[in-house]
4 protein chains.
Amino acid sequence: MSGINKVILVGHLGKDPEIRHLEGNVTVASFPLATSEMYNKDGRRVEQTEWHNIVMWRGLAEVAAKYLFKGKLVYVEGKLRTRTYEDKGGVRRYTTEVVADNFTLLGRKSDFENPVNATDDPAAKKVDDANSEPEVDFKENDGEEDSLF
Amino acid sequence: MSGINKVILVGHLGKDPEIRHLEGNVTVASFPLATSEMYNKDGRRVEQTEWHNIVMWRGLAEVAAKYLFKGKLVYVEGKLRTRTYEDKGGVRRYTTEVVADNFTLLGRKSDFENPVNATDDPAAKKVDDANSEPEVDFKENDGEEDSLF
Amino acid sequence: MSGINKVILVGHLGKDPEIRHLEGNVTVASFPLATSEMYNKDGRRVEQTEWHNIVMWRGLAEVAAKYLFKGKLVYVEGKLRTRTYEDKGGVRRYTTEVVADNFTLLGRKSDFENPVNATDDPAAKKVDDANSEPEVDFKENDGEEDSLF
Amino acid sequence: MSGINKVILVGHLGKDPEIRHLEGNVTVASFPLATSEMYNKDGRRVEQTEWHNIVMWRGLAEVAAKYLFKGKLVYVEGKLRTRTYEDKGGVRRYTTEVVADNFTLLGRKSDFENPVNATDDPAAKKVDDANSEPEVDFKENDGEEDSLF
DNA sequence: TTTT
DNA sequence: TTTT
């Protein structure tokens, strides 16, 4: 029945987020995130980098567009989702993405001139722009559009 | 600076949740949760149980009141919060609690007659009772009342 | 730079683990794991299931072979790894797996006749069979063979 | 039966670790870690800081002694443990700590001149100093001494 | 005070 | 392909 599907990453953006606007005023941001691990192989220090496809929806995507850039160190929390698509040759292929629920900027002091702690909220119907600081405790609608991508 | 404060527990409730109603129609649920670990000590199998004080606020507390009972196996996600209080002798004491963000019932088949996957949502202003299944994807206001407790 | 790459899943095995024995006495176990989520769509209750490819190495694979079976509810902790391979047509393809670090059996009472809390340990050179209960606090070598698969 | 007790923190050390050497050549490191959260209260930006007592054992403590200092940004993974003690007045008191399993230094570029990704390993009997880089993939014995503290 |  |  109900299960848990949670991903926690800390890594650097490989590129600026790519922003797309879908019908119904839905924003989607996507970018590659690198998580590197150092380990010893035969006595030498080796770095292994894993690349993750991060996807952010709606309000979270809009915050991402403002604050996330190539090279930034970021904490990302989300869930795994494998989707299927057909390549140009009509072959069914799979790709696994991390659909983010929230993120937090970490890292260099300069990053913190605009600290961000954003959340993709599946419940709220509308962002409350009223009380300033839209980048903090940001919430936004989620839902069936998840499968539009 | 922004940081991360996350707790993930899977364990059994030691008691039924204790429900309190604060001013402003704010509901608080609290209960002890046991997480047990088996390990080998001198070749013998030993069980070590850790007890956690779980606190749930508002809508999440109301869902807890309906679905969480002594003995249930539950996944709880939340954050650590240490608060200070004065004991009867006027001595300052500290207690550390896990303030839950969401929970998911796991476990026995009988538990799944009422499956629950609930979330405490700091953004939504009102629970949407309209479209049934209030226990699923439940959302509720959060905020400064966190410190009322 | 060092990063974090962590996956936490609670779900049911879709099949018994498939066990392979590689050169050098290395065991690999792999199986699909389903994590289901209930949500409301247009007022109706909908279940969405995500399938994850779980991979376990060495000693952890051996524990998996003994205790994990189709239908079991299990907590799995691990890391994401996307690897590349060529399909029969010589086309480069990608697949994303969760390489498990440890797992814990959850769930039905009958599951607990053989409770398991296993760990894939990148440090230990050999499993300590001496002091009984090999299924608990199980540790095993890890390392470069990770890329043999 | 078996449960999950996991804490994930990203924050800054409030002090240099305090290092203690117990009987049996057991090292213990402890330090306060701050995780801050920004949120909006009445339209103003407010920062709330939570302090955590982090404890590291054996080899992990030794790595901590070398690489962790006041102000450093660090990812810490561990488990909650509440222990009881008697204060000077003979009153039973409780304190909750995060017993770390591993940590990773994050943050400023200068931090990465000595990147660290350390693990407290409950299985390995001895650290392998042979192949250099003792700070990476560090492993060490764990066990019953956990309760010596 | 849970669970096995 | 799981589970409820």
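**Chain A, overall**

I started with burial in chain A: 57% of its 149 residues count as buried, where buried means under 20% relative accessible area, exposed over 50% and partly exposed in between (1.4 Å probe, protein chains only). The model is predicted, so I kept the filters in mind: local features need pLDDT of at least 70, side-chain atom pairs count only at pLDDT 80 or more, and totals for chains, interfaces and linings use all residues. For my own bookkeeping, residues are numbered from 1 along each chain as its sequence is written, chains are lettered from A and ligands numbered from 1 in the order in which they are written, and side-chain values use heavy atoms, with hydrogens and water left out.

Next I looked up the secondary structure. Chain A has one helix and eight strands, taken as DSSP runs numbered from the N terminus (helices are H or I, at least four residues; strands are E, at least two). Reading from the N terminus, I get β-β-β-β-α-β-β-β-β.

Then contacts, meaning heavy atoms within 4.5 Å. Among the contacts in chain A with a separation of 6 or more, 52% are between residues 24 or more positions apart. Chain A exposes about 6,700 Å², with 46% of that supplied by carbon and sulfur atoms; the areas come from the Shrake-Rupley method with a 1.4 Å probe, and for residues only the protein chains shown count as cover.

**Single residues in chain A**

I picked A:Ser30, which sits in strand β3 (residues 26-41). Buried or exposed? A:Ser30 is buried, because its relative accessible area is 18%. Leaving out residues up to four places away in sequence, A:Ser30 touches A:Asp16, A:Pro17, A:Glu18, A:Ile54 and A:Val55.

A:Phe103 was next, in strand β6 (residues 92-106). Its relative accessibility is 0%, so A:Phe103 counts as buried. I also checked a distance: the C-alpha atoms of A:Phe103 and A:Ile19 are separated by 17 Å, with their positions 84 residues apart along the chain.

**Asp42 in two chains**

I went looking for positive phi outside glycine and landed on A:Asp42, with phi near 55 degrees. A:Asp42 is in the loop between β3 and β4 (44-57) of chain A, and is exposed with a relative accessible area of 58%.

I repeated the lookup in chain B. B:Asp42 also has a positive phi near 55 degrees, lies in the loop between β3 (26-41) and β4 (44-57), and is exposed at 57% relative accessible area.

**Chain C against chain A**

How is chain C laid on chain A? A turn of 180 degrees and a shift of 0.0 Å along the axis do it, with an RMSD of 0.1 Å; copies are superposed by least squares on the C-alpha atoms of residues with pLDDT of at least 70 in both. That is the relation of a two-fold axis. In chain C, the C-alpha nearest the axis belongs to C:Val7, 2.3 Å from it. The same surface serves both copies, as 100% of the contact residues of chain C recur in chain A.

I then went through the interface itself. The contact takes 32 residues from chain C and 32 residues from chain A. The two chains bury about 2,600 Å² between them, 48% of it on carbon and sulfur atoms; buried area here is the accessible area (1.4 Å probe) that two parts lose on being put together, summed over both.

How many salt bridges cross the interface of chain C and chain A? The rule finds zero, a salt bridge being a side-chain nitrogen of Lys or Arg within 4 Å of a carboxyl oxygen of Asp or Glu. Polar contacts do turn up: eight residue pairs, both at pLDDT 80 or more. A polar contact is a pair of N or O atoms within 3.5 Å; within protein, one must be able to donate a hydrogen and the other to accept it, and residues adjacent in sequence count only if both atoms are side-chain atoms.

On the side of chain C that touches chain A, β1 (4-13), β3 (26-41), β4 (44-57), β5 (73-86) and β6 (92-106) each supply at least two residues. The largest share, eight residues, comes from β1(C).

**Chain D**

Last, D:Glu77 in strand β5 (residues 73-86), buried at 5% relative accessible area. The side chain of D:Glu77 makes a polar contact of 2.9 Å with that of C:Lys6 and one of 2.6 Å with that of D:Lys6. The residues touching D:Glu77 include C:Glu77 and D:Asn102.

I closed with helix α1 (residues 58-67) of chain D, which is mostly covered, with seven of its 10 residues buried. Among them are D:Leu60, D:Val63 and D:Tyr67.
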